[in-house]
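Welcome, and please open your viewer. We will go from stop to stop, with something to select at each one.

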Amino acid sequence: MKSGNAFSWLSLLLFLFLSCTDRTAPDVDRLNAQSYDSHYRNLDSVATYARQAFMLAKQRGYGDGQAEALNNLAFVDIATMHYDDARQHLDSIFLITDNQLELLVAYIQQMRLCQPQSLNRDVYDCREHAQRALNRINEERSLLSERQLSRLVYAEIQMSAACGYRHGEGDYFL
């Protein structure tokens, strides 16, 4: 009888674990990864995957997935010079998540958005916000997953390109 009781408890624990586990994140992350992989190749694919990721993430309350999808959509908007749409997507990110990695990407995208519009003060402000987010991330860099590290490398490359800086020892300098 003890083994039957233990099996019941084990079954209950497994059920509770599976019902509490967020199985949406991998699907949303996969769609966002497909969106990112299409950067500089096919903007329509970037937008399609990002919209799917955003809707699924929103449906499931996965703010980090929504933020990444909005960053991907803003990438398309900037590339196609739909600056008002890009600004709307980027502004939404700050309301959705406190994920420093996605905020870093959003600040960098805002720099890219402001540059062709000659909004120099805004570029500077976004750069300062991005640098602070990068410093916070670097404090715990060793704790990042492989996917997060890949996303961070993307952000660092974009920041370097947007700022015209060289990368050295984790800091950006002139």
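Before the first selection, a word on axes: they are lines fitted to C-alpha atoms, for helices over the stretch in contact, and angles run from 0 to 180 degrees between N-to-C directions. Helices (H or I, at least four residues) and strands (E, at least two) are DSSP runs, numbered from the N terminus.

This is a predicted model, in which local features need pLDDT of at least 70 and side-chain atom pairs count only at pLDDT 80 or more, while totals for chains, interfaces and linings use all residues. Residues are numbered from 1 along each chain as its sequence is written, and side-chain values use heavy atoms, with hydrogens and water left out.

**The whole chain**

Start with a cartoon view of everything. You should find eight helices and two strands, in the order α-α-α-α-α-α-α-α-β-β along the sequence. Of the 174 residues in the chain, 41% are buried; buried means under 20% relative accessible area, exposed over 50%, and partly exposed in between (1.4 Å probe, protein chains only). A contact is a pair with heavy atoms within 4.5 Å. Among contacts in the chain with a separation of 6 or more, 57% are between residues 24 or more positions apart.

**H4 and H6**

Now select H4 (63-79) and H6 (100-114). Two packed helices are described by the angle between their axes and the distance between the axes. For H4 and H6 the angle is about 15° and the axes are 10 Å apart. The two helices are therefore roughly parallel to each other, since angles under 35 degrees count as roughly parallel, over 145 as roughly antiparallel, 65 to 115 as roughly perpendicular and the rest as oblique. The crossing of H4 and H6 is left-handed, a term used if the near helix is turned anticlockwise from the far one by less than a right angle (right-handed if clockwise).

Show side chains for the contact: on H4 these include Asp-64, Ala-67 and Phe-75, and on H6 they include Glu-102, Val-105 and Arg-112. By class, this contact of H4 with H6 has seven nonpolar, two polar and four charged residues. Here Ala, Val, Leu, Ile, Met, Phe, Trp, Tyr, Cys and Pro count as nonpolar, Asp, Glu, Lys and Arg as charged, and the others, Gly among them, as polar.

**H4 with H5, and H4 with H3**

Keep H4 and add H5 (83-96). Their axes are 8 Å apart, at an angle of about 165°, and H4 and H5 are therefore roughly antiparallel to each other. The crossing of H4 and H5 is left-handed. Among the residues in this contact are Leu-70 and Ala-74 of H4 and His-89 and Ile-93 of H5. The contact of H4 with H5 divides into ten nonpolar, five polar and two charged residues.

Next bring in H3 (43-60). The axes of H3 and H4 come within 8 Å and cross at roughly 155°, which makes H3 roughly antiparallel to H4. This crossing of H3 and H4 is left-handed. To see the contact, pick residues including Val-46, Ala-50 and Phe-54 of H3 and Leu-73, Val-76 and Ala-79 of H4. The contact of H3 with H4 divides into 13 nonpolar, three polar and two charged residues.

**The core**

In soluble globular proteins, nonpolar side chains tend to be buried together. A nonpolar core is a set of buried Ala, Val, Leu, Ile, Met, Phe, Trp, Tyr and Cys residues joined through side-chain atoms within 4.5 Å.

Which residues of the largest nonpolar core touch the most other members? Select Ile-93, Leu-104, Ile-108, Met-111 and Met-159, out of 44 residues in that core. Helices giving two or more residues to this core include H2 (24-37), H7 (120-139) and H8 (146-163), and the largest share, ten residues, comes from H6.

Zoom in on Met-111. Not counting residues up to four places away in sequence, Met-111 touches Val-123, Cys-126, Arg-127, Met-159, Ala-162 and Cys-163.

Then move to Cys-114, in helix H6. At 2% relative accessibility, Cys-114 counts as buried. With the same sequence neighbours left out, Cys-114 touches Arg-87, Leu-119, Asp-122 and Val-123.

**Two loop residues**

Most residues other than glycine have a negative phi, and most peptide bonds are trans. Select Tyr-40, in the loop between H2 and H3: its phi is near 65°, a positive value. Is Tyr-40 buried or exposed? At 60% relative accessibility, Tyr-40 counts as exposed.

Last, go to Met-81, in the loop between H4 and H5. Phi of Met-81 is near 60°, a positive value in a residue other than glycine, and at 58% relative accessibility Met-81 counts as exposed.
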